[in-house]
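Thanks for asking me to look through this one with you. My comments follow as numbered points, best read with the structure open beside them.

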Amino acid sequence: MQRRAFLASLIAATATPRLTWADAGSPAFLAAAKTHAGAYVLHGLSAGGDTLFALPLPARGHAATAHPTRPHAVAFARRPGTFALVIDCATGTEQARLTPPAGRQFNGHGCFSADGSVLYTSEVVAETSEGRIGLWDSASYTRLAEWPSGGIGPHDIKRLPLSEDLIIANGGIATDPADRRKLNLDTMRPNLTRLTAEGVIADQAELPVALAQNSIRHLALLPDGTVAFAMQWEGDPADPVPLLGLWSGGVPRLCPRDDADAFVMQGYAGSIAHTPVTDDIAITSPRGGAVQVFARDGSPRATLRRADACGIAAGPGGFVLTDGNGVISQVTAEGLTPARRTELSWDNHLIALA
């Protein structure tokens with residue numbers, strides 16, 4: 001009898017079709033936003049910027065990550081945060097609400113393993129800002145383990161193409177767990193860390209001492225595995241420091257602009273993306289109201305202006321940009337074209353789905 005029951009349950013399970021991203025409208029992008037009424041939502045957007053779904057969030061969102069096959073999006077709280085919401089975007093239902101272990105805080109980003117079985121989350125030890133990478137079973141969204149991130153204040157995290165290795169942007173900033181006050185600006189040591197599938201440090205790189213206050217925040221991966229990284233300067237605002245770097249192992253290569261273009265960004269790169277369409281890299285600055293486009297070798301191509309520009313991702317013709325005034329724009333090195341106006345304030349990141 002037990003065997004019959006087992007076989008019946010197995011047949012039922014295999015007969016039930018598994019939902020895919022097509023059942024959620026095949027979104028091209030995920031983005032957190034705030035409505036004019038003050039509600040926080042996660043939007044799934046088409047390649048043209050149409051909203052395919054809008055799902056509520058319990059508080060302000062920062063970034064999101066998408067499961068590679070199931071229509072599950074994980075929306076992360078603004079750092080440091082205590083929630084990561086797993087949403088079935090096909091049904092609009094909350095699948096799980098992740099809470100970090102005692103003494104830990106989520107730090108804004110995460111990613112899945114290649115097969116989608118494991119969710120990785122960037123986290124900090126609340127009292128010290130020591131970095132941790134949380135591992136979660138994506139079938140049940142239960143905690144599996146954690147690894148040291150290799151530095152202080154990890155933020156963005158990406159899985160390398162055709163690999164299970166992770167790249168961690170350890171920003172180097174220790175913050176007060178209650179009010180986000182920065183505690184160690186004089187002793188910062190940001191780094192890029194590559195972790196193997198076993199959580200072992202395979203490679204690590206720091207910035208030159210003179211740029212130790214350039215917090216490494218966000219990452220974009222090029223098809224050959226080169227890491228493009230965006231930085232936020234915590235030093236003297238009169239210093240025109242580079243905000244884009246490239247890393248393929250060894251010493252990172254920084255990509256400076258001339259002083260006039262550097263000052264436009266006000267020392268702050270809020271997001272970064274690479275587009276295979278033109279093989280360009282773009283960084284954004286909501287503080288400066290600007291987007292800067294670079295060739296894949298880091299040479300400058302253009303500085304474009306858009307108020308409160310931040311979220312950027314690869315799109316059909318180059319880049320797609322979102323801003324805090326609700327506009328979705330198309331961007332290439334040749335120019336920036338507002339394409340759609342919405343009644344929303346888009347948050348920091350626009351996440352492209354593969």
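**Notes on the model**

1. Let's begin with a sheet. Four strands make up an open sheet in the order S16-S17-S18-S19, and their pairing is antiparallel. Strand S16 (214–221) and strand S19 (253–254) are the edge strands, each pairing on one side only. Please keep in mind throughout that this is a predicted model.

2. S16 and its neighbour deserve a closer look. Strand S17 (residues 227–233) runs antiparallel to S16, and seven bridges join the two. If you want a place to check the register, Leu-219 has Phe-229 in S17 as its bridge partner. As general background, strands of a sheet pair through backbone hydrogen bonds, either parallel or antiparallel.

3. The largest nonpolar core has 31 residues, and those touching the most other members are Ala-228, Phe-229, Leu-244, Ile-272 and Ile-283. Two or more residues each come from strand S13 (166–170), S16, S17, strand S18 (244–247), strand S21 (280–285) and strand S22 (290–295). S17 gives the largest share, six residues. Ala-228 is a good residue to click on: leaving aside residues up to four places away in sequence, its contacts include His-218, Leu-219, Leu-244, Ile-272 and Ile-281. There is also a second, separate core of 18 residues, with Ala-32, Ala-73, Ala-75 and Leu-85 among them.

4. Why do Cys-89 and Cys-111 not form a bond? The closest cysteine sulfur to that of Cys-89 is in Cys-111, 17 Å away, which is too far for a bond. Cys-89 counts as buried because its relative accessibility is 5%, and Cys-111 counts as buried because its value is 6%. Searching the whole structure gives zero disulfides.

5. Is Ser-46, a loop residue, buried or exposed? Ser-46 sits in the loop between strand S2 (40–45) and strand S3 (51–56). With a relative accessibility of 15%, Ser-46 counts as buried, because the cut-off is under 20%. Beyond residues up to four places away in sequence, Ser-46 touches Ala-28, Phe-29 and Leu-52.

6. Next comes a hairpin. S24 and S25 form it, with two residues between them. Strand S25 (residues 318–323) is antiparallel to S24 and joined to it by six bridges; Gly-311, for one, has Thr-322 in S25 as its bridge partner. Strand S24 (residues 309–315) is largely enclosed by the rest of the structure, because six of its seven residues are buried.

7. On to the aromatics: the whole structure holds three aromatic pairs. In one, the ring centres of Phe-106 and Trp-136 are 6.1 Å apart with the planes at 45°, so this pair is tilted. It links distant parts of the chain, since Phe-106 is in strand S8 (residues 104–112) and Trp-136 in strand S10 (residues 130–137), 30 residues apart. Both Phe-106 and Trp-136 are buried. Tyr-120 and Trp-147 are also a tilted pair, because their centres are 6.0 Å apart and their planes at 35°. With Tyr-120 in strand S9 (residues 118–125) and Trp-147 in strand S11 (residues 142–152), the pair ties together parts 27 residues apart in sequence. Tyr-120 and Trp-147 are buried too.

8. Two last aromatic details. Phe-76 belongs to one aromatic cluster with Phe-106 and Trp-136. Elsewhere, Arg-257 lies over the face of Phe-294, 4.8 Å from the ring centre.

Note on methods. Residues numbered from 1 in each chain as written. Predicted model: local features only at pLDDT ≥ 70, side-chain atom pairs only at ≥ 80, totals over all residues. Heavy atoms only, no water. Pairing = 2+ DSSP bridges. Core = buried A, V, L, I, M, F, W, Y, C linked by side-chain atoms within 4.5 Å. Buried < 20%, exposed > 50% of the residue type's maximum accessible area, 1.4 Å probe, protein only. Contact = heavy atoms within 4.5 Å. Disulfide = S-S within 2.5 Å. Phe/Tyr/Trp six-rings, centres within 6.5 Å; stacked < 30°, edge-to-face > 60°. Lys NZ or Arg CZ within 6 Å of the ring centre and 35° of its normal.
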